[in-house]
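Work through the exercises below with the structure in view. Each task is followed by a solution in steps.

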Amino acid sequence: MIRILFLGSGRRVSLLRCFRAAGENLGVAVEIHAADADATSPTWEIADRMHLVPSADEPGFVSEVARICRDEGINIVFPLIDAVIPPLSDSGAAIAEAGAELILSGPATIAATCDKLRTYEHFAAHDIPTPRTWDATDAKLPEGASFPLILKPRCGNASVGV
C-alpha cells in the first residue's frame, strides 16, 4: 500500500483520480489523502482520507503535516499549491523524520520559480522561449516595450494583483 498525501488539494479532483488510476493500472494499492485548509475542498469527495490543516502561513502548518504523515503512515507528500512550498522548503526535514518523502524541488529552483522576474531570467539564461519580462518598480518602460502589457506582482499566484 502506498499512501499519498496531497497538500492544498482544493479542486484538483482529476489529478487525484489520475493517481488512483495509475495505481490500479500498475496493480499497486494506493490510498489517497487530501489535505486542505478549506473543509469544502472538492477533492474530499474522492479521497480515501481527508485532513483539515492550518493555512500554510500559520505556525502549526508543517508540524500538523508531519503529524498526519506519522499517524497515517504516509509514504509520499505532494504539495499542490505555491503557498505550501516555502514553509515545506524551510522545514522539510520534519516530513522526512515523520517517514514520508516530500516531492519538492531544491531551494535554488524554488527561489527561481517563486519570483516571476527570476523565472524569466532563468529561462532567458537557458534559451527557453518566454515573454519579455522586466522589473517595473522604476515606473519606466524599457526601450521597445509597447502596449498592450500585463502587469503582475513578482511573487504570488491565482492572478492576485494582476
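**Exercise 1.** Decide whether Glu 31 is buried or exposed in this predicted model, then find the partner of its salt bridge.

*Solution.*
Step 1. Glu 31 has a relative accessible area of 18%. Buried means under 20%, so Glu 31 is buried.
Step 2. The side chain of Glu 31 meets that of Arg 3 in a salt bridge, with 3.1 Å from N to O.
Step 3. Glu 31 belongs to strand 2 (residues 30–36) and Arg 3 to strand 1. The two are 28 residues apart, and the pair links distant parts of the chain.
Step 4. Arg 3 has a relative accessible area of 26% and is therefore partly exposed.

**Exercise 2.** Locate the residues of the salt bridge between Asp 48 and Arg 20, and classify their exposure.

*Solution.*
Step 1. The side chains of Asp 48 and Arg 20 meet at 3.2 Å, N to O.
Step 2. Asp 48 sits in the loop between strand 2 and strand 3 (49–52), while Arg 20 is in helix 1 (residues 13–26). This pair, 28 residues apart, also joins distant parts of the chain.
Step 3. Asp 48 has 37% relative accessibility, so it counts as partly exposed. Arg 20, at 22%, counts as partly exposed.

**Exercise 3.** Explain why Glu 64 and Arg 67 are separated by about one helical turn, and name the network that links them with another residue.

*Solution.*
Step 1. The closest N and O atoms of the salt bridge between Glu 64 and Arg 67 are 2.7 Å apart.
Step 2. Both residues lie in helix 2 (residues 61–72), and they are 3 residues apart, which means a separation of about one helical turn.
Step 3. Salt bridges link Glu 64, Arg 67 and Asp 71 in a network.
Step 4. Arg 67 is partly exposed, because its relative accessibility is 33%.
Step 5. For the structure as a whole, the count of salt bridges is 5.

**Exercise 4.** Describe the chain by its elements and its extent.

*Solution.*
Step 1. The chain has 5 helices and 5 strands.
Step 2. Read from the N terminus, the order is β-α-β-β-α-β-α-β-α-α.
Step 3. Along the principal axes, the C-alpha atoms fill a box of roughly 60 × 35 × 30 Å.
Step 4. The chain has 162 residues, of which 32% count as buried.

**Exercise 5.** Describe the largest pocket: its volume, its lining and the helices that contribute to it.

*Solution.*
Step 1. The space in the largest pocket is about 920 Å³. It is lined by 37 residues, and those closest to its centre are Lys 116, Leu 117, Thr 133, Lys 152 and Pro 153.
Step 2. Sorted by class, the lining contains 19 nonpolar, 10 polar and 8 charged residues.
Step 3. Helix 3 (85–97), helix 4 (107–113) and helix 5 (116–125) supply at least two lining residues each. Helix 5 gives the largest share, 5 residues.

**Exercise 6.** Which residues make the nonpolar surface patch of about 250 Å²?

*Solution.*
Step 1. The patch is made by Ile 2, Leu 26 and Val 28.
Step 2. Ile 2 is part of strand 1 (residues 2–7).
Step 3. The relative accessible area of Ile 2 is 30%, so Ile 2 is partly exposed.

**Exercise 7.** Find what is unusual in the backbone at Asp 127 and between Phe 147 and Pro 148.

*Solution.*
Step 1. Start from the general rule. Most residues other than glycine have a negative phi, and most peptide bonds are trans.
Step 2. Asp 127 is not a glycine, yet its phi is positive, about 55°. Asp 127 is in the segment after helix 5, and it is exposed because its relative accessible area is 71%.
Step 3. The peptide bond from Phe 147 to Pro 148 is cis, with omega near 5°. Pro 148 is also in the segment after helix 5.

**Exercise 8.** Place Pro 107 in the chain and state how far it lies from Gly 144.

*Solution.*
Step 1. Pro 107 is in helix 4.
Step 2. With 63% relative accessibility, over the 50% limit, Pro 107 counts as exposed.
Step 3. Pro 107 and Gly 144 are 37 residues apart along the chain, and 34 Å separates their C-alpha atoms.

How values were computed:
Residues numbered from 1 in each chain as written. Predicted model: local features only at pLDDT ≥ 70, side-chain atom pairs only at ≥ 80, totals over all residues. Heavy atoms only, no water. 1 Å grid on protein atoms, 1.4 Å probe; cavity = no way out; pocket = protein on both sides within 12 Å on 5 of 7 lines; lining within 4 Å. Points joined across faces, edges and corners; volume = space filled by probe spheres on them. Helix = DSSP H or I, 4+ residues; strand = E, 2+ residues; numbered from the N terminus. Nonpolar A, V, L, I, M, F, W, Y, C, P; charged D, E, K, R; others polar. Patch = residues over 30% accessible without salt bridge, like charges linked within 9 Å, V, L, I, M, F, W, Y side chains within 5 Å. Areas by Shrake-Rupley, 256 points an atom, 1.4 Å probe, with all protein chains shown as cover. Salt bridge = Lys/Arg side-chain N within 4 Å of Asp/Glu carboxyl O. Buried < 20%, exposed > 50% of the residue type's maximum accessible area, 1.4 Å probe, protein only.
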